[in-house]
Each structure stands twice: as structure tokens, then as C-alpha cells.
Amino acid sequence: MSVHALRERKLLVFVVAGEPVFVRVRESCRARTLRIIVGPRRPLEVIVPQGASEADAAKFLEEKRRWVEEKVAAARATAARPFTLGLDRPGWVWLEGEPLLIERREGQRSVAGLRRDVLVVNGPEEGAAAALERWYRGAARRRIAEVAEREAARLGLSYRSIGVRDQRTRWGSCSRRGHLSFSWRLLVAPADVLEYVVVHELC
């Protein structure tokens with residue numbers, strides 16, 4: 001979600017399973033203790049409070065070595081998996097927390113569209129995943145814009161623009177200038193989750 005201002009520190013090098021890993025170190029004025037962040041598609045990161053030294057960060061990493069190695073291995077395994085949109089589960093994807101039936105049709109153009117309670121995907125098999133993602137992006141933009149407009153009016157708030165992107169490590173964010181950005185994957189989550197994230201970023 002929203003990120004407080006963090007000051008970049010010098011990168012550390014930490015050896016994990018015999019391989020050197022660059023560790024991002026950032027100082028937070030709000031942090032009271034050191035903490036480690038690990039994700040499939042983000043660098044290993046240590047958040048440190050003001051006054052903490054490079055040696056403190058290195059010592060903390062060493063103390064948490066076993067945990068860090070397990071998390072880094074899991075993150076690498078997740079990142080290595082091929083990205084799918086549910087087409088590996090024959091005939092179904094997810095929309096607003098509910099399963100949605102897919103109907104495949106032949107055609108020259110790869111395009112997807114909702115027909116009543118069925119998501120129709122036309123075109124060659126190799127273009128189906130891309131067509132499905134394009135549909136998700138467009139549908140997410142329309143749904144998020146609708147919720148943002150309604151909730152901004154209700155709460156007396158304003159924003160400059162809305163962007164829908166392929167964000168994998170956060171659901172949404174808001175820039176200092178009021179530009180809202182959301183992951184199209186919110187459309188997969190239950191409707192109240194999408195609305196909660198939109199309201200959070202508006203606030």
C-alpha cells in the first residue's frame with residue numbers, strides 16, 4: 001500500500017546457499033526495530049531504524065540466517081514458476097472471488113469477452129492467456145474507476161488519475177501528487193477487497 005519515506009543506505013552482500021545476494025538497506029524514521037523483507041520478485045531488503053549501523057544490519061541478517069535462507073529459496077521457487085492465469089485449471093478462471101466458466105472458440109484474433117456468466121476466449125490457443133489478461137486489465141480499470149469515483153465523492157476526497165498495471169508485490173499505491181495505481185489482479189479478489197484497497201489509497 002502507501003509507503004513512508006525511506007532513506008537508501010549502502011547495499012550489503014549476504015551469502016545465501018553459497019551465492020552472494022545484494023541486500024537493499026533502507027532507513028525508516030518510524031521503525032523501532034530491524035526487519036527483513038523478502039519477495040519472489042523483489043530484492044532481499046532490511047529496514048533499519050535511525051541510528052542503526054551497517055554492522056547492526058549485517059548482524060541481524062546473520063542472526064536470522066536460517067529464516068532468510070528458507071524465505072529466499074521459497075521466493076526463488078515462486079519466481080521460477082511460469083506465470084499462469086488459471087488456464088491450467090481447465091475451463092475456469094476467477095472473477096470477484098467467484099469461479100467463472102471459460103468457453104473457448106475458434107477464431108483468427110485472440111480476444112476475450114464476458115457473455116452473461118461465461119468468459120468467451122476466441123482465437124488460437126497460444127494467444128489465449130494474453131487475451132485473458134487484456135480482458136482482466138480493461139475490466140479492472142472500469143471497475144476500479146467506478147469505485148474510486150463513488151467513494152471519492154462520498155468521502156470528500158480527490159485524485160488526479162488512475163492507472164492499472166501488472167503489479168505483483170502490492171495491490172495498490174498512491175503518489176504524493178494523487179496518482180493512484182492498482183494491480184489488475186484485484187479483479188480476481190472478492191469485490192469488498194477491491195473496494196477496501198481503493199478506499200485505502202484514496203485516504
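Modeller: Two strands pair if DSSP finds at least two bridges between them. Keep that in mind as we walk through this model, which is a predicted one.

Colleague: Happy to! What makes strand β2 and β3 a pair, then?

Modeller: Strand β2 (residues 12-16) is joined to β3 by five bridges, and at least two are needed, so the two strands count as paired. They run antiparallel, and Phe14 stands opposite Val21 in β3.

Colleague: What do β2 and β3 form, and which residue in the turn has a positive phi?

Modeller: They form a hairpin, with two residues between the strands. In the turn, Ala17 has a positive phi of about 50°.

Colleague: How do you know that strand β1 pairs with strand β3?

Modeller: By the same test: three bridges join β1 (residues 6-8) to β3 (residues 19-28), and with a threshold of at least two, they therefore pair. This pairing is antiparallel as well, and the bridge partner of Glu8 in β3 is Arg26.

Colleague: On to the open sheet. Why are β6 and β8 called edge strands?

Modeller: The sheet has four strands in the order β6-β7-β9-β8, with mixed pairing. Each of β6 and β8 (111-115) pairs on one side only. For β8, the link is to β9, through five bridges in an antiparallel arrangement, with Val111 opposite Asn122 in β9. Neighbouring strands of the sheet are turned by 35° against each other on average, direction ignored.

Colleague: Which strands of the sheet does α3 touch?

Modeller: Helix α3 packs on the sheet and touches β6, β7, β8 and β9. Its direction makes about 55° with that of β8.

Colleague: Now the largest nonpolar core: how many residues does it have, and which have the most contacts inside it?

Modeller: It has 29 residues, and the ones with the most contacts inside it are Trp135, Ile144, Phe182, Leu187 and Val198. Membership requires being buried, which means under 20% relative accessible area. Elements giving two or more residues include β7 (98-105), β12 (179-183) and α4 (191-202). With 11 residues, α3 gives the most.

Colleague: What is Leu187 in contact with, leaving aside its neighbours within four places in sequence?

Modeller: The list is Leu95, Glu96, Trp135, Tyr136, Ala139, Ala140, Arg143 and Leu194. There is also a second, separate core of 16 residues, with Leu12, Val25, Leu44 and Val68 among them.

Colleague: Lovely, and that fits a general tendency: in soluble globular proteins, nonpolar side chains tend to be buried together.

Notes:
Residues are numbered from 1 along each chain as its sequence is written. This is a predicted model: local features need pLDDT of at least 70, side-chain atom pairs count only at pLDDT 80 or more; totals for chains, interfaces and linings use all residues. Side-chain values use heavy atoms; hydrogens and water are left out. A nonpolar core is a set of buried Ala, Val, Leu, Ile, Met, Phe, Trp, Tyr and Cys residues joined through side-chain atoms within 4.5 Å. Buried means under 20% relative accessible area, exposed over 50%, partly exposed in between (1.4 Å probe, protein chains only). Contact means heavy atoms within 4.5 Å. Axes are lines fitted to C-alpha atoms, for helices over the stretch in contact, and angles run from 0 to 180 degrees between N-to-C directions.
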